[in-house]
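Student: I have a chain to go through with you. Can we test the labels one by one?

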Amino acid sequence: MSADVGFAVVGLGMGRHHCRAVQMAPGARLVAVCDVDEARLQPAARDFACRAYTDFDALLADPEVQVVNIATPSGLHAQMGIQAAAAGKHLIVEKPADIVPARIDALMDAGRRHGVRIGGIFQSRLDPLNLRIRQAIQAGRLGSIYGVHGHLPWYRLQDYYEGTHGSWKGTWGMDGGGSLMNQGVHTVDLLQWLVGRVESVMGMFGIFGHQIEAEDQTCALLRFANGAIGTLYTTTACYPGYDQQITIYGARGSVLKQEGLLRGWKMMDDPDGTEEQELLSFYGEKKAGTGSSDPMAVSFDGHTQIICDMVAAVREGRDPMIGLDSARHAVEIITAIYESGRTGREVKVGVN
Ligand SMILES: NC(=O)c1ccc[n+]([C@@H]2O[C@H](COP(=O)([O-])OP(=O)(O)OC[C@H]3O[C@@H](n4cnc5c(N)ncnc54)[C@H](O)[C@@H]3O)[C@@H](O)[C@H]2O)c1
């Protein structure tokens with residue numbers, strides 16, 4: 001057996017990005033791929049020169065597989081993760097960790113019982129610009145944070161929600177919602193990771209431009225534990241699809257960003273704007289495509305870092321850097337927004 005940590009990827013839509021990321025990560029080796037769809041499975045096994053399984057149980061019986069990356073429909077994550085943990089496999093679970101907070105708890109519990117490490121995926125947390133903003137907030141440079149706003153005005157055609165690999169999207173049972181749970185979960189996680197926990201929400205949602213079950217537009221008010229208030233907007237219905245925007249307003253400074261680009265950085269402690277100019281020239285240039293209108297235009301660089309971290313976590317017997325305990329809060333916030341939209345009431349996060 002190789003000294004490299006053996007990975008398998010299950011679910012070969014986004015999972016193909018995982019395969020490339022495993023191939024790029026030093027110390028990781030792609031042992032196998034798994035998908036119930038042969039039309040996706042066989043090309044992936046060929047392209048990545050690894051074993052192919054249609055049956056998840058058979059994959060779990062493969063002794064060379066030490067880590068399973070779960071990239072199946074979101075409503076299957078906890079169930080498949082619990083099965084893999086019972087088979088002694090470490091896990092990397094795509095976002096959202098699952099669509100129901102209690103199921104994420106059950107998955108974390110299974111990890112503890114079976115002594116396996118479980119990591120989540122929120123690649124935006126590894127973006128150097130986001131890290132820089134978080135550092136500034138944690139150092140108190142923005143002063144008290146008053147306003148926190150996240151907008152994700154994306155666009156998906158109807159056929160995104162149709163066919164073999166589309167029909168689970170925008171459903172309550174498998175996607176746990178629509179534009180908010182599927183696309184918006186990264187924005188929700190980023191807001192809470194940058195600024196802190198959300199205590200309560202008020203939300204509205206509906207179906208505007210697609211034939212789907214759940215929603216393609218949501219709007220919410222957020223009350224943060226640190227006293228800030230904010231707004232969140234997500235859609236997949238509005239042509240042509242603009243970039244994610246995040247603004248954080250504080251008593252001593254404010255930051256504006258658009259997808260990966262910095263658009264504003266004003267701090268009282270940078271009165272002549274020297275730092276502002278440096279950061280705008282470094283983080284203000286467009287570098288890559290975004291997912292605003294193309295679901296596959298996501299960088300897998302963050303995924304590579306997450307794989308590298310899992311290799312180290314397995315070798316060092318430690319938890320991965322993005323634990324499910326922190327990945328869970330975004331799902332709690334989202335389910336609270338849906339609950340508020342249904343009831344018309346402000347909903348406390350973590351009680352539904
Ligand atoms: N991190 C990101 O930026 C990012 C981007 C896109 C998708 N995702 C996440 O990845 C997951 C998959 O999304 P997608 O868009 O690739 O969906 P998809 O439907 O294109 O792919 C899912 C795959 O899982 C397979 N599958 C379903 N049930 C299975 C089972 N029991 N055993 C084996 N294979 C099974 C399907 O055949 C399909 O090929 C979702 O949770 C989604 O939220 C994350």
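Tutor: What follows is a set of questions on a predicted model.

Student: What makes Gly177 buried?
Tutor: Gly177 has 28 other C-beta atoms within 10 Å. The cut-off for buried is 20 or more. So Gly177 is buried.

Student: Where does Gly177 lie?
Tutor: Gly177 is in the loop between helix 7 (172–175) and helix 8 (179–183).

Student: Which residues does Gly177 contact, leaving aside neighbours within four places in sequence?
Tutor: Trp172, Asn182, Ala214, Glu215, Ile334 and Tyr338. Tyr338 is 161 residues from Gly177 along the chain, yet their C-alpha atoms are separated by 8.2 Å.

Student: Why is Glu162 called partly exposed?
Tutor: Glu162 counts 15 C-beta neighbours inside 10 Å. Buried needs 20 or more, and exposed needs 12 or fewer. The value falls in between, so Glu162 is partly exposed. Its place is the loop between strand 7 (145–153) and helix 7. The C-alpha atoms of Glu162 and Thr231 are separated by 30 Å, with their positions 69 residues apart along the chain.

Student: How do you know that strand 1 is largely enclosed?
Tutor: Count its residues: 6 of the 6 are buried, so strand 1 is largely enclosed by the rest of the structure.

Student: Which residues of strand 1 point which way?
Tutor: Val5, Phe7 and Val9 point one way. Gly6, Ala8 and Val10 point the other way, and all are buried. In a regular strand the side chains alternate between the two faces of the sheet.

Student: What makes strand 1 and strand 2 a pair?
Tutor: They are joined by 6 bridges and run parallel. Pairing takes at least two bridges, so the two strands pair. Val9, for one, has Val33 as its bridge partner in strand 2.

Student: What is the strand order in the sheet of 6 strands?
Tutor: The order is 3-2-1-4-5-6, the sheet is open, and the pairing is parallel.

Student: Why are strand 3 and strand 6 called edge strands?
Tutor: Strand 3 (51–53) and strand 6 (118–120) each pair on one side only. The twist from one strand to the next averages 25°. Strand 5 (residues 90–93) joins strand 6 through 3 bridges, running parallel. Within that pair, Leu91 is bridged to Ile118.

Student: Which helix lies across this sheet at about 160° to strand 5?
Tutor: Helix 11 (residues 301–316). The strands beneath its course are strand 1 (5–10), strand 2 (28–34), strand 4 (67–70), strand 5 and strand 6.

Student: What about the sheet of 8 strands: which order and pairing?
Tutor: The order is 13-12-11-7-10-9-8-14. This sheet is open too, and its pairing is mixed. Strand 13 (261–267) and strand 14 (347–348) are the edges, each pairing on one side only.

Student: How do you know that strand 8 and strand 9 pair?
Tutor: Strand 8 (residues 198–206) and strand 9 (residues 217–224) are joined by 8 bridges and run antiparallel. At least two are needed, so they pair. Ser200 stands opposite Arg223 there. Helix 12 (residues 324–343) lies across strand 8, strand 9 and strand 14, at about 55° to strand 8.

Student: What makes helix 9 mostly covered?
Tutor: Helix 9 (residues 185–195) has 10 of its 11 residues buried. Among them are Val185, Asp189 and Leu194. Gly196 follows the helix, with a positive phi near 120°.

Student: How do helix 6 and helix 9 cross?
Tutor: The axes of helix 6 (residues 128–138) and helix 9 come within 9 Å and cross at roughly 35°. Asn130, Ile133, Arg134 and Ile137 in helix 6 meet Leu190, Trp193, Leu194 and Val195 in helix 9. These contact residues divide into 6 nonpolar, 1 polar and 1 charged.

Student: Where are the domain bounds?
Tutor: Domain 1 is 5–123 + 298–322, and domain 2 is 125–297 + 332–343. Their C-alpha centres lie 26 Å apart. The contact takes 16 residues from domain 1 and 19 from domain 2. On the domain 1 side, 7 are nonpolar, 7 polar and 2 charged.

Student: Which residues are closest to the ligand?
Tutor: Gly11, Gly13, Met14, Ser74 and His165, in a shell of 23 residues. The shell divides into 11 nonpolar, 7 polar and 5 charged.

Definitions and conventions: Residues are numbered from 1 along each chain as its sequence is written. This is a predicted model: local features need pLDDT of at least 70, side-chain atom pairs count only at pLDDT 80 or more; totals for chains, interfaces and linings use all residues. A residue is near a molecule or strand if its C-beta atom, placed from the backbone, lies within 6 Å of it. Ala, Val, Leu, Ile, Met, Phe, Trp, Tyr, Cys and Pro count as nonpolar, Asp, Glu, Lys and Arg as charged, and the others, Gly among them, as polar. Domain bounds come from an automatic or database domain assignment. Two residues are in contact if their C-beta atoms, placed from the backbone, lie within 7 Å. Helices (H or I, at least four residues) and strands (E, at least two) are DSSP runs, numbered from the N terminus. Axes are lines fitted to C-alpha atoms, for helices over the stretch in contact, and angles run from 0 to 180 degrees between N-to-C directions.
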